[in-house]
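Subject: Handing over the structure

Dear colleague,

Here is the structure I promised to pass on to you. Please open it alongside this message, as my notes on what was found in it follow directly below.

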Amino acid sequence: MSRNAQNDHLTRLEQTSIHVFREAFANFRSVCMPWSMGKDSNVLIWLARKAFCGKIPFPLLHIDTTYEFPEMYEFREKAKAIHGIDLIVRVNEDAIRRGIGYATHDPVTVTHELKTVPFKAAIDEFKWDALVTGIRRDEDPTRAKERWFSPRSAEGVWDYKDQPPEFWGQFASVAPEGGHVRVQPLLEWTELDIWEYIRRENIPNPTLYFARDGKRFRSLGCHPITHPVDSPASNIDEVIEELKLTKVSERAGRAQDHVGRNSMQELRAKGFM
Amino acid sequence: MSTSSLPSPAAAQAAAQAAAEDQRKMHVVVVGHVDHGKSTFVGRLLNDTDSLPNGKIEQVRKNCAAEGMEFEYAFLLDALIEEQEQNITIDTTRIFFRTTQRAYAIIDAPGHKEFLKNMVTGAASASAALLLIDAKEGVMDQSRRHAFLLSLLGVKQLVVLVNKMDLVQHSQETYEKIRTEYTAFLKSLGLNAVHFIPIAAKHGENIVNRSAKMAWWTGPTVTEALDTFKHEDDLTGLPLRLPVSDIYRFDHRRIVAGRVEAGAIRPGDDLIFQPGGRRSTVRTFEDWPGPESRSVVGTGGSASVTLSEQIFVERGQVASHPSNQPRVGREFRARIFWLGKEPLVPKKTYKLRLLTQNVEAVIARIEKITDASTLESIQADSVPRDSICEVVVRTTHPVAFDLHHECAITGRFALEEAGRIHGGGIILDARKEQSAREGKVTAAERGARSGHAPAVLWFTGLSGSGKSTIAELVERRLFDAGRQVFRVDGDDLRTALNRDLGFSAADRAESVRRASAVAGLFANAGHISLVTLIAPLAADRAKARAALSNHAFIEVFVDAPLDVCEQRDVKGLYAKARRGEIAEFTGISSPYEAPESPEVHIRTDKLTTDQAVDLVLDALDKVLRSKAEDWEV
């Protein structure tokens, strides 16, 4: 792909995301980027390196639930070296000592204890006022209501009923007292955009996304509650072709989304991404 | 005629272009009065274009059944519990769908009055708008208000959907009535709807499929109309506008980062950064991952620029080519839409954000407030929430901008208070002299910077009458109110400038002349100067007034009876004068000619100090208001 082809769809998305990254870095005192090691997260790393001319000028945060697929831990070390990442890793040791786990608890509880709780603790510890997330509007209806810059209160609560207006490239530039702002450079991307961009830019990703024995992961989370979907797509071209035709929702394999009618919304109101 | 199946080269090119166009999503906003069926329309559109994920509709039907509710297409979008309970959409929902022609991102903007800010958020990022009007209810407040905002936000492509035609027996007459009424309204805003399409969203009539019940309608369906929309204009042909987002010094490089908002930039280009006016040349683009960088960055592209010279550049400045620069100024007329809970008030300080510039600004004057639903003028001192006004905006520091009709993206701004955006505006015009800020600094420019006209307050009265006491309090009040103010005190002058002068009539005249000259200098510098001087002779004071005639001049007679002053005798001067130790002491051994018609007459035996201060400030305020017109736009 020509580096001068600026009007194609992916380049427009890329350039807008870069702008969002730069505005965030210029506006906030202390920025952090949570990193799930999933495809969206890896695209974010790539975009951040483009935005800042090679070097990401803020730390990344991995909340390790201890339930990651083994391949993900390998990928973490590899990607860390490739991208020169300043990585902070946090585990909720206390919850693990208390025996919180998928064998004994429901997914919403475990997600809360092993993801949201240590995530909030890290925010308290480092006092970040901006967090870059890989949220896309096409993922889930609640995410469709997100803004590029989305303020969260000190309790991490998203006041979606009273969001600031956002227009003409002007974003909410001040974090609420004690809270932070979620910066969401991938808001306008779709799952297909992500994969087409990964292919175009050759961005490193875990191979779990590609089919083995007729199954592949479309979205990656904790291994006990993340299930592969039926798919013959064993390489990136096949994944893209499959996505152009599929009508199965991306997070269909993520159990915590489907416990109750509004489980995703409940998780998010409590501070889940 | 050829029957060959091979396309001609021109056709192949057109097909390739169409394919490229298809890659770009068209952003469409859906607006209209509350309950005129926006969510239902979007739900139906998704369904009829086959854009819903598998199982979505079944899931929503199941949820409805579980709660004992009748299924509605609107529920597909109203994903949050609260919305379903209130039956209104609360925020801009962005949904993707595609027609046979191309992909769309549709924004289901809400119509509820309280959520205008959300509608603005949605509409500001849209290339085109669909505005729904309930055929049965007709044109309502929000139908008009939304159109007004669309015109302000610059959304030019508009299709009006006359919805719920099923509730009016698909009557062409009803449709025509709404079309005529609303067309006239749109015209008054300078808007023109491409089509008025009669639909029944609930039943999917004229959305994708033509309605058999409206055979009289020969125009396009909604998707056919959508496919005729064009993407927003490419601004690459405009003059370069590159606002500086940041300066990166992560390694040995010093990179100017920013997004090209209009025009294009290339290595070797000469640049000027405004405000400030420093110049340099583009040395390189520092694109990662390399090894090559782009040869040109066009509109919408993020640029990483190194410069040939190490000039001072900071966030907020706008880089342009020297031959075609933005305006630089501190004052312009603007049309503003205000969404803040608190009204927009003059003289209060707001943050003005224009591209990456962030400066303090005040509304210097409200010229017109318009009710966005009726287009009628409102008489008020402040701009209430959800209304539109024309104002003069003045900033504390110079900003680089264009007029909105010259370059929309650099001709609009947001107003922020406490970190939250409360309104936006477009720049209508600016004073001419601002585009060419060269040569002598004018009094008007100084006045614009102080935020007020200069003035001289001349306090006269006997020694001990309270001139300095009142003047100090007036100075404090003015200073705290952000005015440029300075006190020229007669006693202070005597210790330095007037050290060579005594108390003879000639020396007193000279002392008054010097004091008026000093006060004049401060006024020339844009200050309000407060002179406190006994100046006992009417002729001397008349000369001072004449010398300062190009400024607002207010004579304040601090009138305290001699016996009261003598009784106070703060400095012990009266006692000395009585003992004959001071010759020619005003009131004792030298005359005091009381002013015959001072602008302010303070009878200190009848007024409290606070009342006296208020009297002076009121008089000053009146004069400044009358002077303001001289240098405002």
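Strand E2 (residues 60-63) of chain A pairs with E3(A) in the parallel sense, and four bridges hold this pairing; within it, Leu60(A) has Leu87(A) of E3(A) as its bridge partner. Please keep in mind throughout that this is a predicted model. The two strands belong to an open sheet of six strands in chain A, which follows the order E3-E2-E1-E4-E6-E5 and in which the pairing is mixed. Strand E3 (87-90) and strand E5 (149-152) of chain A stand at the edges of that sheet, and because each has a single partner strand, one side of each is left without a neighbour in the sheet. On average, and with direction ignored, neighbouring strands of this sheet are turned by 30° against each other.

In chain B, six strands close into a barrel, in the order E7-E8-E11-E10-E9-E12, with antiparallel pairing. From one strand to the next, the twist averages 45°. A helix of the other chain comes in here: helix H1 (residues 9-27) of chain A packs on the sheet and touches E7, strand E8 (255-259) and strand E11 (302-307) of chain B, its direction making about 60° with that of E7(B).

Within the barrel, strand E7 (residues 242-248) of chain B is joined to strand E12 (residues 318-320) of chain B by two bridges, the two strands running antiparallel, and Leu242(B) has Ala319(B) in E12(B) as its bridge partner. E12(B) also pairs with E9(B), in the antiparallel sense and over three bridges; here Gln274(B) stands opposite Val318(B).

Strand E9 (residues 270-274) of chain B is in turn joined to strand E10 (residues 278-285) of chain B by four bridges, again with the strands running antiparallel, and Phe273(B) stands opposite Arg278(B) in E10(B). What lies between these two strands may deserve your attention when you check the backbone. The hairpin of E9(B) and E10(B) has three residues between the strands, and one of its residues, Gly276(B), takes a positive phi near 125°. Pro275(B) lies in the loop between E9 and E10 of chain B, and the peptide bond that leads to Pro275(B) from Gln274(B) is cis, with omega near -5°. Another cis peptide bond, with omega at about 10°, joins Trp288(B) and Pro289(B); Pro289(B) is found in the loop between E10 and E11 of chain B.

Two further residues of chain B are listed here for their phi values. Leu355(B) has a positive phi of about 55° although it is not a glycine, and its place is in the loop between strand E14 (349-354) and strand E15 (357-370) of chain B. Is Leu355(B) buried or exposed? Leu355(B) counts as buried, because it has 27 C-beta neighbours inside 10 Å, where 20 or more are required. Asp569(B), likewise a residue other than glycine, has a positive phi near 35° and is found in the loop between helix H14 (562-568) and helix H15 (573-578) of chain B. With 15 other C-beta atoms within 10 Å, Asp569(B) is partly exposed.

As for chain B as a whole, it has 16 helices and 24 strands, and 44% of its 633 residues count as buried. Among its contacts with a separation of 6 or more, 73% are between residues 24 or more positions apart.

With best regards

Notes:
Residues are numbered from 1 along each chain as its sequence is written. Chains are lettered from A and ligands numbered from 1 in the order in which they are written. This is a predicted model: local features need pLDDT of at least 70, side-chain atom pairs count only at pLDDT 80 or more; totals for chains, interfaces and linings use all residues. Two strands pair if DSSP finds at least two bridges between them. Axes are lines fitted to C-alpha atoms, for helices over the stretch in contact, and angles run from 0 to 180 degrees between N-to-C directions. Two residues are in contact if their C-beta atoms, placed from the backbone, lie within 7 Å. A residue is buried if 20 or more other C-beta atoms lie within 10 Å of its own, exposed if 12 or fewer, and partly exposed in between; C-beta atoms are placed from the backbone.
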